[in-house]
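Good morning, and thank you for the time on today's agenda. I would ask everyone to look at the structure on the screen while I go through it.

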Amino acid sequence: MQKFQPTRIERGDNSLTIQWKDLHQGELSYRLLREKCPCAHCDAVHLRKDPFHILPPDDFFENLRLVDIQRVGRYAVRLIWSDGHRTGIYTFEFLRELSEGVS
Ligand SMILES: [Zn+2]
């Protein structure tokens, strides 16, 4: 049994609104979600393992759209972005942490 279960995930223009089973409701901007993408590639960038990585310009985020959300088992969702990035799997626990500003 997962500690945190979303009961509803709603896609807005610029953010994702998540309603949780324990009645907590959180809104996560697409920019934040993408910046915190937990996939191996983005994680390497976060940790500055790649000194040649160039940060995307602001209009990258302005033009970024969330194309789809796919359920991954019972514990996570995969976010599909308009630039084709789709390797980020966000566990419910991670989404909840982001939502509470822990991460
Ligand atoms: Zn990523």
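I shall begin with the chain as a whole, then take the two sheets, the last helix, the zinc site and a few single residues.

Please bear in mind throughout that this is a predicted model. The protein chain has four helices and six strands. Along the sequence, their pattern is β-β-β-α-α-α-β-β-β-α. The chain has 103 residues, and 33% of them count as buried. Its accessible surface comes to about 6800 Å², and carbon and sulfur atoms account for 49% of that. If we take the contacts between residues at least 6 apart in sequence, 38% of them join residues at least 24 apart.

Let us turn to the sheets. As a reminder for those new to the subject, strands of a sheet pair through backbone hydrogen bonds, either parallel or antiparallel.

One open sheet holds three strands in the order S1-S2-S3, with antiparallel pairing. Its edge strands are S1, residues 6-11, and S3, and each of these pairs on one side only. From one strand to the next, the twist averages 20°. S1 and S2 run antiparallel and are joined by five bridges. As an example, Ile9 has Ile18 in S2 as its bridge partner. Helix H4 packs on this sheet and touches S1, S2 and S3, and the direction of H4 makes about 105° with that of S2.

Before leaving this sheet, I would point to Leu23, in the loop between strand S2 (15-20) and strand S3 (25-29). Is Leu23 buried or exposed? Its relative accessibility is 70%, and the cut-off for exposed is over 50%, so Leu23 counts as exposed. The backbone of Leu23 also deserves attention. Most residues other than glycine have a negative phi. Leu23 is not a glycine, yet its phi is positive, at about 80°.

The other open sheet also deserves a careful look. Its three strands have the order S4-S5-S6, and the pairing is antiparallel. S4 and strand S6 (89-91) stand at the edges with a single partner strand each, so one side of each has no neighbour in the sheet. Neighbouring strands here are turned by 30° against each other on average, direction ignored.

Within this sheet, strand S4 (residues 66-72) and strand S5 (residues 76-81) run antiparallel, joined by six bridges. Which residue of S5 is the bridge partner of Leu66? The partner is Trp81. Asp68, for its part, stands opposite Ile80 in S5. The hairpin of S4 and S5 has three residues between the strands, and in this hairpin Gly73 takes a positive phi near 55°.

Helix H4, already mentioned with the S1-S2-S3 sheet, also lies across S4, S5 and S6, running at about 75° to S6. Why can we call H4 largely enclosed by the rest of the structure? H4 covers residues 92-99, and six of its eight residues are buried, so the rest of the structure largely encloses it. The buried residues in H4 are Phe92, Phe94, Leu95, Arg96, Leu98 and Ser99. Just after H4, Gly101 has a positive phi of about 75°.

I now come to the zinc ion. Which protein atoms are its donors? They are the SG atoms of Cys37, Cys39 and Cys42 together with NE2 of His85, at 2.1 to 2.3 Å from the ion. Along the chain, the donors follow the spacing C-x1-C-x2-C-x42-H. The angles among the four donor atoms are 104 to 115°, and the site is tetrahedral. For this geometry, all angles must lie between 85 and 135 degrees.

How accessible are the donor residues? Cys39 has a relative accessible area of 6% and is buried. Cys42 is buried as well, with a relative accessible area of 10%. Both values are under the cut-off of 20% for buried residues.

Finally, I would like to consider Arg34, which has its place in helix H1 (residues 30-35). Arg34 is buried, with a relative accessible area of 11%. Leaving aside residues up to four places away in sequence, Arg34 touches Phe60, Phe61, Leu64, Trp81, Asp83, His85 and Tyr90. Two of these names have come up before: Trp81 is the bridge partner of Leu66, and His85 is one of the donors of the zinc ion.

That concludes my presentation; thank you for your attention.

Methods: Residues numbered from 1 in each chain as written. Predicted model: local features only at pLDDT ≥ 70, side-chain atom pairs only at ≥ 80, totals over all residues. Heavy atoms only, no water. Helix = DSSP H or I, 4+ residues; strand = E, 2+ residues; numbered from the N terminus. Buried < 20%, exposed > 50% of the residue type's maximum accessible area, 1.4 Å probe, protein only. Donors = N, O, S within 2.8 Å, 3.2 Å for Na, K, Ca; no water. Tetrahedral: all angles 85-135°; square planar, octahedral: opposite > 155°, others 65-115°. Pairing = 2+ DSSP bridges. Contact = heavy atoms within 4.5 Å. Areas by Shrake-Rupley, 256 points an atom, 1.4 Å probe, with all protein chains shown as cover. Axes fitted to C-alpha atoms, helices over the stretch in contact; angles between N-to-C directions.
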